[in-house]
Amino acid sequence: MIVDTHIHLDDARYVEDFDALLERAREAGVTRYIIPAADPDTLPRAVELAERYEAIYFAVGVHPDEAARYDRAEQERLIEHPKCVAVGEIGLDYYRLPDDPEEAERIKKLQHEVFIDQIDLANTYGKPIIVHIRDASRDAQAVLEAHAGEQGGVLHCFNADHELLALAERGFYYGIGGVITFKNARKLVEVFPRIPEDRLLIETDGPYLTPHPYRGERNEPAYCALVAEKMAELSGIPLAAMQGMCRENTTRLFGI
């Protein structure tokens, strides 16, 4: 049994065939789903889906690209919902910073402030965090080491930065998705065996980052099976054992 620990089921690209999509996932062995918060505009749909489907859970928070729209009061309104299992996806993303140095620094400062406040939110309510890091590993690691609580969290779509492996000792897990099947994912393939087995999680990040051989198409939770197969291949662990281990890790972190 597999849990897709990071799937944007609130995305409009899933509306037309939603139930069929869940049926395909079920046939592939996927039994639970966590919708991370990213865009405040889609959070109401995530909550609606979690209330309608027993297998769906959600997180609260805002993506670093949406830091200017962060409203702590809105997050606190939903964080104690029985289907809310985390705060995220939160973090730092320097990939699209503007060329103007002053504006870039302003955005980085805002991202840091919102990241830290959302970690504080998670600590206050005892929720794990779902962390997004892009082109900001050193800064994100410093923030997490200074502020993250004992409940830990997951480094979503782990970027294969070996320095971030030290966070395993701080209660962090590593989300592995379709990237591990890419032909150009040499760095992740090399680092993967160094990730503690009790810190591995499976995710898709759908509708993005579709695994081989469907790369370029819409990603969906059924493709977790392809991710698990590649993880088992790289680790030398039987597929069923890999799936079971990741399932146990998910329960330990998110309580589902």
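**Exercise 1. Determine which residues Met-231 touches, and place Met-231 within the nonpolar core.**

Solution. Step 1: apply the contact criterion, heavy atoms within 4.5 Å. Leaving aside residues up to four places away in sequence, Met-231 touches Ile-176, Ile-180, Phe-192, Leu-200, Leu-201, Ile-202, Met-242 and Cys-246.

Step 2: note the basis of these values. The model is predicted, so local features need pLDDT of at least 70 and side-chain atom pairs count only at pLDDT 80 or more, while totals for chains, interfaces and linings use all residues. Residues are numbered from 1 along each chain as its sequence is written, and side-chain values use heavy atoms, with hydrogens and water left out.

Step 3: identify the core. A nonpolar core is a set of buried Ala, Val, Leu, Ile, Met, Phe, Trp, Tyr and Cys residues joined through side-chain atoms within 4.5 Å; buried means under 20% relative accessible area and exposed over 50%, with partly exposed in between (1.4 Å probe, protein chains only). The largest such core has 71 residues, and Met-231 is among those with the most contacts inside it, as are Leu-9 and Phe-58. A second, separate core of 13 residues includes Tyr-57 and Ile-130.

**Exercise 2. Describe the order and pairing of the strands in the open sheet.**

Solution. Step 1: define the elements. Strands (E, at least two residues) and helices (H or I, at least four) are DSSP runs, numbered from the N terminus; two strands pair if DSSP finds at least two bridges between them.

Step 2: read the order. The 8 strands follow β1-β2-β3-β4-β5-β6-β7-β8, with parallel pairing. Because β1 (2-4) and β8 (200-202) each have a single partner strand, they stand at the edges, and one side of each lacks a neighbour in the sheet.

Step 3: examine one pair. β7 (residues 172-176) is joined to β8 by 3 bridges, and Gly-175 has Leu-201 in β8 as its bridge partner.

**Exercise 3. Establish on which side of helix α2 its buried residues lie.**

Solution. Step 1: list them. In α2 (residues 43-52), Leu-43, Ala-46, Val-47, Leu-49 and Ala-50 are buried.

Step 2: consider their arc, taken from the directions from the helix axis to the C-beta atoms. These residues cover an arc of only 160° around the axis, which puts them on the same side of α2.

Step 3: compare the other side, where Pro-44 and Glu-51 are exposed.

Step 4: find the cover. The buried residues of α2 are covered by elements including α1 (18-27), β2 (30-35), β3 (56-60) and α3.
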